[in-house]
Each structure stands twice: as C-alpha cells, then as structure tokens.
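Q: I am new to reading protein structures and would love a close look at one part of this one. Could you pick a residue, show me its surroundings, and then follow the charged and polar side chains elsewhere?

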Amino acid sequence: MENCQPGEGVLAPAVEIYDTTLRDGTQGEGVSFSVEDKVKVALRLDALGVHYIEGGWPGSNPKDAEFFRRMRQQPLQQARLTAFGSTRRPGVPAHQDQNLQELVQSGVRTATIFGKTWDFHVTQALQTTLPENLDMIAQSVAYLRQQGLEVIYDAEHFFDGFRANPEYALATLRAARDAGASRIVLCDTNGGSLPGQIAEIVTLVREKLACPIGIHCHNDGELAVANSLAAVQAGAMHVQGTINGYGERCGNANLCSIIPNLSLKLGYETIPRQNLARLTEVSRYVSEVANLHHASNQPFVGDSAFAHKGGVHVSAILKDPRTYEHIDPAQVGNRRRVLVSELSGQANLLYKYRELDLDLVMQKEENRQLLQRIKELENRGYQFEGAEGSLELLLRRLKNGYQEPFRLESLRIIIEMKENSPVHTEAVIKMDVGGQTVHTAAEGNGPVNALDNALRKALEQQYPCIKLMQLTDYKVRVLDEKDGTGAIVRVLIETGNGRRSWGTVGVSQNIIEASWQALVDSIAYGLLKLDDSAQEEMRPAAG
C-alpha cells in the first residue's frame, strides 16, 4: 500500500477496519452485552461495512461460546466474523490446547490470537523461556492454519517490547509470519506510546517484514486515534478499534473517529463511502444497547460535535457553515445544532426560527427583547442547551400564536407518612383539556411520580398518543448550595416516544413546581411533534 494521499486519478489505498467492540470493548468498565445484544450489534456492524468483527473469546466464557453458536444461523453479509484467543500454553502441544480447540470449534473462518512480544512479559507473566515463547507463537499459528483458518496475529505489548529488546520483538513477528499469519498487528497494549514513536517503529517493521501490518492502540495517553492514524500513514493497512472507543481502562482506539479521519481527511478507502452516513446512528445504537450514556462531546458522532453556541460563531455559520465546521455533519449522519443561551446573539435566534420554520417577520427590537428574555431566564437558572423542547415551546409561545393543548386549574399533592408503614403519595389534579374540565387523581412512589401519573391520566383519554411517551431520564441540580433546602433547583427531564427523544427544563425553589414545569413541557412538546400519521389520534375526542 502506498503511503500517500491519493491525488487526481490515483486509486485510493485501502485500509481494513477490524472491530473489536464485542470483545475488547466489553472489557471496559460498565460495558456488558447479552448474547442477544452481541448478535444485534454484529449485524449493525456488518451493515456498516467493517471488514472484520471480533465476536469474543469462545474459550473464556459460556456467553461467547453461545454467541458463536448463534451466529452460525446469522451469517454476515460483508464482514468476516473472528474468534479471539491466545497462543498455546507453555509445555502444551498446540493440538491439545483447549483454547485453540475452542477457536477451531467456534465455526469461524478467521481466528485472531495474541502472543507475547515483550521479553519482560515472557519471563515474568508467562514464566517461560524466550525460545519456548517463539515456539508457542509459531506452533499455534501453524496449527490453526492446518485447520483451514485465516490467522491474524496480535503482537501484544509490541511497542514496549520493541523499545526494550527490538531483536526479540521482531523475532516474535517473524515466527508468526513464517507460520502463516495473514496479518501481523502491532499492539500498543499499555497505551503509552506517542504518534512519532508509532510512525517510526511501524516504518522500521515494514522494512524488516514483507507482510501486511496492522495497528491496535489503547487510549491511556489520549492518543489511540492519533497513534492509529500515524501507523496507517507509516504503512499499516489494518486498523483495530471499537465503536465509541469502549475498552479496558481508558478505552481502545475509537473507530467513530478513525474511520472518518481516514476516509474524509486522508483519502483512504475504509467502509463503503455511502455508509459513512450511518456512522452516527451505529455509534448511538451501540451505546443504547450497552445501556451507556452517549458522549455528547464525542467527535464526529456526538450531539455537540456540530453544536454552536456563541453568537459570533452562529453569525458566521449562517453565512457559510465551513467557517466553524471541519466537515459537513451529514457526511457522518450527524446534524448541525444551534444553541440558545446567555451567550447567544440575534443570529442564534434567526437560525432557530429558520430551523423551526417559524414566522421570520420580526423587528430587530423584538429580537433583542426576546433574546434578553432568554438571558434573564438563564440567569435565573434555566438551561436550554439540553432542553430544546422547552426552548421551542418558549419561542412559539412568544412569537407564533401557539395554543396550549391543556391548562392547569389546580393541583394538590398529599403525602401521608406513618411509622413502620410505606409512604403514601397521591396527586389530585384539575385541568382544562380541549375546553373540557378534567378532575382526576393518581398515586405514585413519590410526589414527582404521582404528578406524572396524574397528568397522564388526565390527558390520555383525549390524547391517546400520550401512551407512547415515556420519561427516560430525570435530573435535579441544586443551583446555589449555600441556601440549603431553600435553594433554587433545576429539573431536566428527557422523554422519548420510540422514534426520538427530547429534553425539557423547569426551575424553582420548589422542586415540585420545577418538576411540574418540565413535565408539562415534555408532554406539550411531544404532542407538538407527533408525526402526521398520528395527528388524528392526538386531536381531542369529540364531545
């Protein structure tokens, strides 16, 4: 592979993408997938167009063994499924090693095995001799090749081993190559190398070994992506990493950054170019299946990756997005967001009105007053960056003749506590809904839950689609701790309907009032944003 950016008429060099989210990614703290989860993620990765999907270590746990059994009925369309394992144990013939047997029996066509390249690890961790380690590598690769498997060899701790004993580190690579490994992957297992060191060593290895070279980096120095890119520019043609950078300690190299940097910035062929627009969707899907918060500040695929807050920035974005965006967000399936806050200028409002398709016939003085109103609210503790539902409702209420779908007449919350008995909480609510008075009550496991239940009970007969809306997150923040129990609190609520999610906010010295504000906005915004197909269902029932 030529180490250059392709010019006009030059065929783009190809880089293989090897995903290890389902194996190395699951070693990250808090990351756990069921067998069903792993099958779903594997199918999404296959559709994305990665070349290899490392499904797990079948010899280490029953879950991974079951996953490989399941995947025999779920053949991948584009990617090669790989099983992970280690070289044979010291003193055990390869054909008798249980780990190698599990790899063969997993049903995959490609196996990835790791071996020791750092002499320190050979003598201290394996407690064997340097010659025996070379035999372990060669015999393990050769045995798997004899069983008809493609073998990818991961040279564990290679960069540390090379710095300590370059001759021996290179000898381990030759042992794997000569035994038939199709790829030799150089691993920065401790994540302590720098891009310049990676590039220099990869260049040297390419000169010494005539075989395809790969790179596998960890993120302990916040350099896994940079190190991976440096390795590719030095000649590596195979990159291993995980979606969202999940992995042990500080994580692995993040494929959600590596893929667009290689494809869009350096001109390499990675996944099919048309599939880049799926990257954000896959990133968020994996975090959802892993039950982890999707990092908003993640480059390329995070919610904040193309979010603009400062008025000067937004003014420039309106003229030409290239002023503050390094790529078009649509290229990776993301979108531009303009935030409205105390840092906003009139350009922020102009953008939001265009985005929301609201009436733009506004005088500058009206804009100024509206912006001042938003800044005053933020000074009181409101925060609209994570509450775009509340922001849109605010703009509509002030400028577009917005009609509230319901109106509170009265609300009472009853909390009864008795010694040695559960706390009893009930909310009694009276509302105007579509011109009709609704008076109802509901219990809950606390005042906010009782509020939510009562509000839904009052609305669901006339707005049946409210059943689709589920509160997915509830956060309370005390804004001025020195005021103790009398402090102002901010409540942020996230709600979803199975197709999208939205945030709303409430602020008050009374946590119940703040929660009510956010709850009301969450329902009102959900009704506002129902699909056209649900409009009939959302209208108040006749009579």
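A: Let's start at C256, which is buried because its relative accessible area is 0%, under the 20% cut-off. Keep in mind that this is a predicted model.

C256 is one of the buried residues of helix α10, and its companions there are L255, S257, I258, I259, P260, N261, L262 and S263. The helix runs over residues 255-265, and nine of its eleven residues are buried, which leaves α10 mostly covered. What does the covering? Among the elements over these buried residues are strand β1 (16-19), helix α9 (224-233), strand β8 (238-241) and helix α11 (279-289).

Now look at the two ends of α10. At the N-terminal end, N254 acts as a cap: one of its side-chain oxygens is 2.9 Å from the backbone nitrogen of C256. After the helix comes G267, with a positive phi near 80 degrees.

As C256 is a cysteine, you may wonder about disulfides. A disulfide is a covalent bond between the sulfur atoms of two cysteines. A search of the whole structure finds zero of them. Another cysteine to look at is C465, which counts as buried because its relative accessibility is 2%.

Next, let's see what a buried arginine does. R88 sits in the loop between β3 (80-86) and α3 (98-105), and it is buried, with a relative accessible area of 4%. Its side chain comes within 3.4 Å of the backbone oxygen of V92, and a polar contact of 2.9 Å connects it to the side chain of Q139. R88 and Q139 are 51 residues apart in sequence, yet their C-alpha atoms are 8.0 Å apart in space. Beyond its neighbours within four places in sequence, the residues that R88 touches include P93, L100, E132 and M136.

From there we can turn to charged pairs. Side chains of opposite charge can pair when their charged atoms come close. There are 23 salt bridges in this structure. In one of them, R80 and E150 meet at 3.1 Å, N to O. R80 belongs to strand β3 and E150 to strand β5 (residues 150-156), and the pair links parts of the chain 70 residues apart. R80 counts as partly exposed at 27% relative accessibility, whereas E150 counts as buried at 14%.

Strand β5 also holds E156, which forms a salt bridge with K116, the closest N and O atoms lying 2.7 Å apart. K116 is in strand β4 (residues 110-116), so this pair ties together parts 40 residues apart in sequence. K116 is buried at 12% relative accessibility, and E156 is buried too, at 16%.

A salt bridge can also sit inside a single helix, as R396 and E392 show: their side chains meet at 2.9 Å, N to O. They are four residues apart in helix α15 (residues 388-399), which means about one helical turn separates them. Both of these residues are buried. Elsewhere, R23, D24 and E54 are linked in a network of salt bridges.

For a contrast with all this burial, finish at M417, in the loop between β11 (406-416) and β12 (424-433). M417 counts as exposed because its relative accessibility is 65%. Together with I415 and V423, M417 makes a nonpolar surface patch of about 320 Å².

Technical notes:
Residues numbered from 1 in each chain as written. Heavy atoms only, no water. Buried < 20%, exposed > 50% of the residue type's maximum accessible area, 1.4 Å probe, protein only. Contact = heavy atoms within 4.5 Å. Polar contact = N/O pair within 3.5 Å; in protein donor to acceptor, adjacent residues only side chain to side chain. Patch = residues over 30% accessible without salt bridge, like charges linked within 9 Å, V, L, I, M, F, W, Y side chains within 5 Å. Areas by Shrake-Rupley, 256 points an atom, 1.4 Å probe, with all protein chains shown as cover. Salt bridge = Lys/Arg side-chain N within 4 Å of Asp/Glu carboxyl O. Disulfide = S-S within 2.5 Å.
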